[in-house]
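Student: I've got a protein model open, and I'd like to learn how the usual labels are earned. Can we go through it together?

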Amino acid sequence: MIKNLSYYDKETNEEINDLLGEQYNLFNKIKMNGIGSRRMIIENFSPEFIFVKSDFNDIQYANIELRPKGILVHITKGIQNFGWAIPFYKLSIFHTSFFSIHSEGAYLNLNKSKSVNENKDFIRKLMHLKLIATT
């Protein structure tokens, strides 16, 4: 589910919360040592994200937010923000020449050079939560 998150919309927030669970509260964020990744450079994406493609040759960024039942991938295009809600049971992650996030045929390839080293602990935490949620 890809939604425009640039402006607050109660219905959109309810849909995301139903699918992924409520955002973690401050105590849990501190206990988990953070719930968000650093920004990562988008290298390639599936046709579902063609509307996100920049009209210029700008670098496009994404970051990942952990939720109790999945992840919310935040994608920035200029001043607009989009969110890709992925429950853990539909999430596939590949660690090849790119760091790839897949769900229901859609994918994002993220640059591995700087991003993965900066987000190594976050990726471990993500994989651990996915393992717990799907067993």
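Tutor: Happy to, and bear in mind that this is a predicted model. Let's start with Arg67, which is found in strand S3.

Student: What makes Arg67 count as buried or exposed?

Tutor: Its relative accessible area is 4%. Buried means under 20%, so Arg67 is buried.

Student: Okay, and which residues is Arg67 in contact with?

Tutor: If you leave aside the neighbours within four places in sequence, Arg67 is in contact with Ile16, Asn17, Leu20, Gly21, Glu22, Gln23, Tyr24, Leu72 and Phe88.

Student: Why is the link between the side chains of Arg67 and Asn17 called a polar contact?

Tutor: The distance is 3.0 Å. The cut-off for such a pair of N or O atoms is within 3.5 Å, with one able to donate a hydrogen and the other to accept it, so the Arg67 and Asn17 side chains are joined by a polar contact.

Student: Now the rings. How many aromatic pairs does the structure hold?

Tutor: The structure holds one aromatic pair. Phe49 and Trp84 form it, 4.8 Å centre to centre with 70° between the planes.

Student: Why is the pair of Phe49 and Trp84 called edge-to-face?

Tutor: Two checks. Ring centres must lie within 6.5 Å, and planes over 60 degrees apart count as edge-to-face. With 4.8 Å and 70°, Phe49 and Trp84 pass both, so the name fits.

Student: What makes this a link between distant parts of the chain?

Tutor: The two residues are 35 residues apart: Phe49 is in the loop between strand S2 (40–45) and strand S3 (61–67), while Trp84 is in strand S5 (residues 80–87).

Student: How do you know whether Phe49 and Trp84 are buried or exposed?

Tutor: Same routine as before. Phe49 has a relative accessible area of 1% and Trp84 has 3% relative accessibility. Buried means under 20%, so Phe49 is buried, and Trp84 is buried too.

Student: What else is Trp84 in contact with?

Tutor: Besides Phe49, its contacts outside the neighbours within four places include Met1, Ile2, Ile71 and Tyr107. Met1 is 83 residues from Trp84 along the chain, yet their C-alpha atoms are separated by 5.6 Å.

Student: What makes you say that the charged end of Arg39 sits over the ring of Tyr61?

Tutor: The charged end of Arg39 is 3.8 Å from the centre of that ring. The limit is within 6 Å, plus an angle within 35 degrees of the ring normal, so the Arg39 and Tyr61 arrangement gets the label.

Student: Which way does the label go for Asn33, buried or exposed?

Tutor: Asn33 lies in the loop between helix H2 (26–31) and S2. Its relative accessibility is 68%, and exposed means over 50%, so Asn33 is exposed. Asn33 also has a positive phi of about 60° although it is not a glycine.

Student: And Glu104, buried or exposed?

Tutor: Glu104 has a relative accessible area of 60%, so with the over 50% rule it is exposed. Glu104 sits in the loop between strand S7 (99–103) and strand S8 (106–110), and has a positive phi of about 50°.

Student: Last one: how do you know that the radius of gyration agrees with a compact globule?

Tutor: With 135 residues, a compact globule would have a radius near 14 Å, and the chain has 14 Å, so the values agree.

Terms used. Residues numbered from 1 in each chain as written. Predicted model: local features only at pLDDT ≥ 70, side-chain atom pairs only at ≥ 80, totals over all residues. Heavy atoms only, no water. Phe/Tyr/Trp six-rings, centres within 6.5 Å; stacked < 30°, edge-to-face > 60°. Helix = DSSP H or I, 4+ residues; strand = E, 2+ residues; numbered from the N terminus. Buried < 20%, exposed > 50% of the residue type's maximum accessible area, 1.4 Å probe, protein only. Rg over C-alpha atoms; globule rule 2.2 N^0.38 Å. Contact = heavy atoms within 4.5 Å.
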